[in-house]
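Trainee: Could you pick one part of this model and take me through it slowly, please? I'd like to see how its pieces pack.

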Amino acid sequence: MQHYNMNLNLKVWRQKNSKTSGAFETFKVSNISSEMSFLEMFDVLNEQLVAEGKEPVAFDHDCREGICGMCSMHINGRAHGPWSKNTTCQLHMREYKDGDTIVVEPWRADAFPVIKDLVVDRSSFDRIIQAGGYISVNTGNAQDANALPIEKQQADDAFAAAACIGCGACVAACPNASAMLFVSAKVSHLALLPQGDPERKTRAFNMVNQMDAEGFGSCTNIGACEAECPKGISLENIARLNREYVGSMLSGSAVEGLQQ
Amino acid sequence: MPLNSKIPAGPIDAKWKTYKATCKLVNPANKRSLEVIVVGTGLAGASAAASLGEMGYKVKAFCFQDSPRRAHSIAAQGGINAAKNYQNDGDSTYRLFYDTIKGGDYRAREGNVHRLAEVSANIIDQCVAAGVPFAREYGGLLSNRSFGGTQVQRTFYAAGQTGQQLLIGAYQGLERQVALGTVTMYSRHEMLEVVIIDGKARGIIARNLVTGELERHFGHAVLLCTGGYGNVFYLSTNAMGSNVTAAWKAHKKGAFFGNPCFTQIHPTCIPVSGDHQSKLTLMSESLRNDGRIWVPKKQNDTRKPVDIAEEERDYYLERRYPAFGNLVPRDVASRAAKERCDAGYGVGSSKMAVYLDFGAAIERYGKIEANKQGKHNLSKDEIIVLGKAVVKEKYGNLFDMYEKITGENPYETPMRIYPAVHYTMGGLWVDYELMTTVPGLYALGEANFSDHGANRLGASALMQGLADGYFVIPYTLGNNLADDIRTKAIPTDHPAFVAAEKEVADRINKLMSIKGTESVESFHKRLGKIMWDKCGMGRNAEGLKQAIEEIKALRKEFWSNVRIPGDIDGFNPELDKAGRVADFIELGELMCIDALNRNESCGGHFREEYQTEDGEALRDDANYMFVSAWEYKGDSQYELHKEPLNYEVVHPSSRSYK
């Protein structure tokens, strides 16, 4: 593969904290190698800002290998940038050419308030999990793992749903800022496994309620979430969530769940 | 102070059973008034916090990330070991214990390792019950694969995302306890000091990373589950935020540091591409099940790998270690790669890489698949198509990751790989109960030193993290807190809290007031280079002595010339990083001191002066069969305490994988 260097113009969202309003600021970076990752390009920008005595751009990142779900940039209008099934940290600069202008914004959603620059607060996702995204099994209660055979296809489907990294790209991509893909991935993961069955009737109801309480929008079947999901979480999960939700409404258990 | 490891008496397979049967308990009503602080929410921290919450303790859990689900356990790829013997291939608790002791090159404690092997099977049961979607066979039962340093198939896995699935399982258990009110979660908080009252750990000072405020938190006990310190090398497979700060603060408050120089360099990582590199990415050891490692037989061969004929390739691991082949332990595989590259046989533009080739596996799987489908007249190309599909199912996410980073397709051309810093076997010294030398202060998971000796076997880190959190600490903590039931919560206006907070505030103010010219990042890179060159895969006395002087000078420079922009009161990642790098600099010096003191080679610690004729590590059991536990005695002053290692069951021998 041919490697090359490039100069770029960056338009980056700057915002001091959640109480102030923000604006775009323009920067130039030069001699960016096509072998760098997108975040390494940001490292170069930040080193440049430190050298100039300015404050670096704050952005969330940790594992830099596409699994922790911490990085969260909206790049030229797309969550995690132009590559499909990809996180920002895995995007590499060979995507760009000399002279390009790149616009970088934080996730935009009422339920994800900006903390600073490109960093947002996604604790609403944790609270949705608290509402029922688990199996109530205390440590020490388990039977032998092979006492419960699970059909391979079923297990594979559960795994595919469980691959969600909780980054919030689905919300950022959705014009309604809906969290349905995130919620449905967890509901599906647990609904597809026999271990998840005992709490099935309250789980979907309680998690959807929490999602609404956090201020996420409604799902209108646009599909942008699936298109931008770095882990390829399927829209089928949303269909399954709808079935689970209706099921819990019909069973009456949801009402009990609400009263708890 | 003599070190007491508190290993229970009795035969090896009765120690833990006896301990559990005789340890003190805390009744449910008393648990409700006992508070426990858990720092870090990876596998060890999340499983400990969830389990202790379930038992009724009042738990406060802390993580520096935006959510407990981000902890770096999430990035573990290959799998988790357990002595289930589901494959009927001769596995047993004893065999896992033996493999781990041998893999650690006879520098781990027998008692701890046997306990780890004993609880390993419970971990798999627990995780499946909690909904972890492990890989399964068509019959619906769990699937296994092989890992390095063993001859059985005992590794459970979820594609190349085992750590993610296990952590999400533990995280969900933790969030359930948050919902029930037994655990209070503090995300985007960093522990910056441990508070000690009357000789016991009674709380921490944490910084809220969003507001910059310092907070005081009381606990009857403090658990550090804060991971390893591989980022001391700057480049490693660790996450960007992984750090030693919590453990280092504990060390400076009296917790001894065990075997700091024992570092794991993982053989299969994507090579460095340039100076801009910010981290290295692992390609799971599971790939060595099917990938064959080779270099050209000719030095400085610049041909493409496909143009190099079979007989012109040197499958050096298979050549040197026929019994284990490509599945030798990590330290052995890493050194062998370095040896070939140093000798001029490396590949790629940097020449610091070897090939990991799936060509043979693709063909082999293609033939099996063709037979399964009853197709017996397929062309080689058709067989390869079938084989690629099988390989994709096994390792698809890893192959995709490789292609995203390098732009090369590993289904068509071999991967280029090179060793990189991955894990630290060293850590806070703990006794059998996971307690450090500070009463009431515990260390779990990678943060402690106890189970992996001088080299960790693959798929054992996840096992240890969950063993400590799910199955060990619930017993050992109770045994100690049973004596604390009359201790009321100590108000955080106690002078010890005030003093600890002032210490933290003073240090932050000092850092911010330096206003120098060099960035934190630049200091970190310089430290990393010293460590990698002189305390990395190969070490010698002369280099280590130089490194110690260089690090001292770097530290002086850091404290007089670092530049940290931004404010104290607010979100300031540069300030967070500055504190961590300052601690790494001090740790780096101790690592070199430890490496210099250990005049032998063992596991990942390879002192170039001590090797056999064919380049294998040469242990010195007569003089170095001990744990080095270092006590902090003031700036650059450390006192060595030795914990002798007694092998009652396994007889140490020269480790051979030939």
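Mentor: Sure, let's look at chain B, starting with its partner: 75 residues of chain B are in contact with 74 residues of chain A, where contact means heavy atoms within 4.5 Å. Keep in mind that this is a predicted model: local features need pLDDT of at least 70 and side-chain atom pairs pLDDT 80 or more, while totals for chains, interfaces and linings use all residues. Residues count from 1 along each chain as written, chains are lettered from A and ligands numbered from 1 in written order, and side-chain values use heavy atoms, without hydrogens or water.

Together, chain B and chain A bury about 6,100 Å², 52% of it on carbon and sulfur atoms; that is accessible area (1.4 Å probe) lost on being put together, summed over both. Six salt bridges link the two chains, each a side-chain nitrogen of Lys or Arg within 4 Å of a carboxyl oxygen of Asp or Glu. B:Glu393 forms a salt bridge with A:Lys152, with the closest N and O atoms 3.1 Å apart.

Now for the helices inside chain B, which are DSSP runs (H or I, at least four residues) numbered from the N terminus. The axes of H14(B) (residues 520-535) and H16(B) (residues 573-597) come within 10 Å and cross at roughly 20°. That makes H14(B) roughly parallel to H16(B), since angles under 35 degrees count as parallel and over 145 as antiparallel, with 65 to 115 roughly perpendicular and the rest oblique. Axes are lines fitted to C-alpha atoms over the stretch in contact, and angles run from 0 to 180 degrees between N-to-C directions. The crossing of H14(B) and H16(B) is left-handed: the near helix is turned anticlockwise from the far one by less than a right angle.

H14(B) also has H15(B) (residues 541-561) as a neighbour, with axes that come within 10 Å and cross at roughly 175°. H14(B) and H15(B) are therefore roughly antiparallel. Among the residues in this contact are B:Phe523 and B:Leu527 of H14(B) and B:Leu544 and B:Ile551 of H15(B).

Elsewhere in chain B, H3(B) (residues 43-55) and H6(B) (residues 162-180) pack at about 35°, their axes 8 Å apart. Their crossing is left-handed, and the contact includes B:Ala46 and B:Gly53 of H3(B) and B:Leu167 and B:Tyr171 of H6(B).

Key
Helices (H or I, at least four residues) and strands (E, at least two) are DSSP runs, numbered from the N terminus. Buried area is the accessible area (1.4 Å probe) that two parts lose on being put together, summed over both.
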